Amino acid sequence: MTHPQTKVHRIFELIEPIATVTFSEVPNEAFLALGMRDYWDGYFAGRAAPLGLAPAEVVHAVFYNFADGEVARHIPWVWGKTTPQEAIAVRERGSAAALRQMIGELADSPGLARAADLATRAAVSAPKEGRVLYAGLRALDVPQAPVPRLWHATTLLREHRGDGHNAALVAHGIGGTEAHVLLALSLGMRAEEFGRLHHLPKAHLAAVVDGLRGRGLVDADGGFTEAGRRTKERIEALTDELATPPYDVLGADELDELIAELEPIAAAVQAADG
């Protein structure tokens, strides 16, 4: 069953805050307790763990959007402090605890259990070919309890979409740092103001923007050209299209039900997150 792209995109908007509780304070503290030096050690240990002891070059390729050398500051160093298996367990426990803390009594509601069931059915149904991080997550056991199961399902769906987004970027010849520049411009920000870019050496960032300017995607003032805006829109449309396969197992009514059950949960997470 092919669902409207608008509904698939709406689910993305709802699963994003739920999946990304994994990058919040409770899981971060759990990773620091293992001996991680900072937030980014825990980020790379937790997110890369389903890939096993993959070298930094492989993690860099899979994650796609980090500047050269950033992954290598953490991988393989973190594996001297923990194992991928332990990192997976710590991440799941910390993420479930963070989600439960943020959503309060919703954690024990029938709606959450139903959302976890529907999201899990979708999350374990898509083809794995060409989806490296998604495939790594699919190899893990699905948690039984509703709160960790919902977090796990949203993480699977998020990374499935992310793998497809990387494919869309590759198809359009847009590298990881370039993707951040286009995102910044789409948000009405200059590249050097954007959180994931402002720490880069100014000369490096200027060279990336110059490259986009040379391709006619960025204008003389550092904003979008019409061609740049269209390229960004095509990438987002293709990303949505590539994100649809998990939802083929759900009927139209089930898809609407999933959206309805996720909405209060996502809203509670966003409210707790400020």
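This section describes the pockets, cavities and nonpolar cores of a predicted model, together with the surroundings of one buried asparagine.

The largest pocket of the predicted model holds about 900 Å³ of space. Its lining is made up of 33 residues, and those closest to the centre of the pocket are E16, N65, R158, H165 and L183. Six helices each contribute at least two residues to this lining, namely α1 (5-19), α3 (39-48), α4 (56-63), α8 (146-171), α9 (176-186) and α11 (226-242). Among the contributors, α8 gives the most, with eight residues. When the lining of the largest pocket is divided by class, 17 residues are nonpolar, seven are polar and nine are charged.

The second largest pocket encloses about 190 Å³ of space. A total of 14 residues line this pocket, and A191, E192, L205, A206 and V209 lie nearest its centre. At least two lining residues come from each of α9 and α10 (202-214). The largest share belongs to α10, which supplies five residues. In terms of class, the lining of the second largest pocket comprises eight nonpolar, two polar and four charged residues. Helix α9 thus appears in the linings of both the largest pocket and the second largest pocket.

Enclosed space was also examined. Three cavities of 30 Å³ or more are found in a search of the whole structure. The largest cavity contains about 80 Å³ of space. This cavity is lined by T22, F23, S24, P27, N28, F31, Y39, G42, Y43, G46, R47 and R91. Two or more of these lining residues are given by each of α2 (25-33) and α3. Helix α3 accounts for the largest share, with five residues. By class, the lining of the largest cavity consists of five nonpolar, five polar and two charged residues. Helix α3 also supplies at least two residues to the lining of the largest pocket.

One residue of helix α8 is considered individually. N166 is located in this helix. Its relative accessibility is 14%, and N166 therefore counts as buried. The side chain of N166 reaches the backbone oxygen of V62 at a distance of 3.2 Å. With residues up to four places away in sequence left out, N166 touches V62, F63 and Y64.

The nonpolar cores complete the description. In soluble globular proteins, nonpolar side chains tend to be buried together. In this model, the largest nonpolar core has 39 residues, of which I11, L99, I103, L150, Y247, L258 and L262 touch the most other members. Two or more core residues are provided by each of α1, α5 (84-103), α6 (110-123), α7 (132-138), α8 and α12 (252-272). Helix α12 gives the most to this core, with eight residues. The contacts of L262 illustrate the packing: apart from residues up to four places away in sequence, L262 touches I11, L14, I15, I18, A115 and L150. A second core, separate from the largest, has 22 residues and includes V181, A184, F194 and L200.

Several helices recur across these features. Helix α8 is the leading contributor to the lining of the largest pocket, and α8 also gives two or more residues to the largest nonpolar core. Helix α1 likewise supplies at least two residues to the lining of that pocket and two or more to that core.

Notes. Residues numbered from 1 in each chain as written. Predicted model: local features only at pLDDT ≥ 70, side-chain atom pairs only at ≥ 80, totals over all residues. Heavy atoms only, no water. 1 Å grid on protein atoms, 1.4 Å probe; cavity = no way out; pocket = protein on both sides within 12 Å on 5 of 7 lines; lining within 4 Å. Points joined across faces, edges and corners; volume = space filled by probe spheres on them. Helix = DSSP H or I, 4+ residues; strand = E, 2+ residues; numbered from the N terminus. Nonpolar A, V, L, I, M, F, W, Y, C, P; charged D, E, K, R; others polar. Buried < 20%, exposed > 50% of the residue type's maximum accessible area, 1.4 Å probe, protein only. Polar contact = N/O pair within 3.5 Å; in protein donor to acceptor, adjacent residues only side chain to side chain. Contact = heavy atoms within 4.5 Å. Core = buried A, V, L, I, M, F, W, Y, C linked by side-chain atoms within 4.5 Å.
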